[in-house]
Amino acid sequence: MIKKIDITNPEVSKEVLNIQIPSYNVEAKIIDFYDIPPLKDTVQSLQQCGETFFGYYLNKELCGVISIKTDGRIIDIHRLMVHPKHFRKGIAEKLLNFIEVELEKFEAIVVSTGTQNAPAVAFYLKNGFLKTEEIQITEFLSLTTFKKQKQLIK
């Protein structure tokens, strides 16, 4: 079951953080860069991030989360994470599809991930996103941005 979650609730933001840290630790290991912002979040920084969060629950356990911000008619995915013990269960795809279904008034979805994060890059390409940009952030980190136009959305 997927539902909107109240990130301003400290207990909920703690639950989200308990997914975010292990999930982004996997990404950090893949891209060999451990200074990524999601690993520095706290309950308080999550509560104040201004993103809208949706959670995937399995038997009342929060297993995956997607967060978005909207800019005009564009949905910007800020986080898409699944607890590592729930990898390969289709949860990320279900969260992404949920956002796409809620897209009535939007033109496109954008998302960025570490260029070296091969599983995430493959996930977005498989789900109809196109690479739009690659930015070198530091000597050791580059980000790839993807976009999916509404007419391409299922």
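Entry 1, largest pocket. I started with the volume: the largest pocket holds about 1,200 Å³ of space. I note here that the model is a predicted one. The pocket has 40 lining residues, and I listed those nearest its centre as Glu27, Leu80, Thr113, Asn117 and Ala120.

I then asked which elements give two or more residues to this lining. They are the helices H1 (10–31), H3 (91–101) and H4 (118–126), together with the strands E4 (74–82), E5 (108–114) and E7 (141–149). Which of the elements gives the most? I found that E4 does, with seven residues.

By residue class, I recorded 23 nonpolar, nine polar and eight charged residues in the lining of the largest pocket.

Entry 2, Asn127. I looked up this residue in the loop that runs between H4 and strand E6 (130–138). Is Asn127 buried or exposed? Its relative accessibility is 4%, and the cut-off for buried is under 20%, so Asn127 counts as buried. I also checked the side chain for a polar partner. A polar atom of the Asn127 side chain lies 2.8 Å from the backbone oxygen of Phe123.

Entry 3, positive phi values. I looked at two residues here, Asp32 and Lys60, each a residue other than glycine with a positive phi.

For Asp32, I read phi near 55 degrees. Asp32 sits in the loop between H1 and helix H2 (43–47). With 57% relative accessibility, Asp32 counts as exposed, because the cut-off for that class is over 50%.

For Lys60, I read phi near 70 degrees. The loop that holds Lys60 joins strand E2 (52–58) and strand E3 (61–71). Lys60 has a relative accessible area of 79% and is therefore exposed.

Entry 4, the whole chain. I counted the elements as four helices and seven strands. Their order along the sequence is β-α-α-β-β-β-α-β-α-β-β.

For overall dimensions, I took the C-alpha trace along its principal axes and noted spans of about 40 × 35 × 30 Å. What radius of gyration would a compact globule of 154 residues have? The expected value is near 15 Å, and the protein has 15 Å, so the two agree.

I noted that 44% of the 154 residues count as buried. Last, I looked at contacts between residues at least 6 apart in sequence: 61% of these join residues at least 24 apart.

Note on methods:
Residues numbered from 1 in each chain as written. Predicted model: local features only at pLDDT ≥ 70, side-chain atom pairs only at ≥ 80, totals over all residues. Heavy atoms only, no water. 1 Å grid on protein atoms, 1.4 Å probe; cavity = no way out; pocket = protein on both sides within 12 Å on 5 of 7 lines; lining within 4 Å. Points joined across faces, edges and corners; volume = space filled by probe spheres on them. Nonpolar A, V, L, I, M, F, W, Y, C, P; charged D, E, K, R; others polar. Buried < 20%, exposed > 50% of the residue type's maximum accessible area, 1.4 Å probe, protein only. Polar contact = N/O pair within 3.5 Å; in protein donor to acceptor, adjacent residues only side chain to side chain. Rg over C-alpha atoms; globule rule 2.2 N^0.38 Å. Contact = heavy atoms within 4.5 Å.
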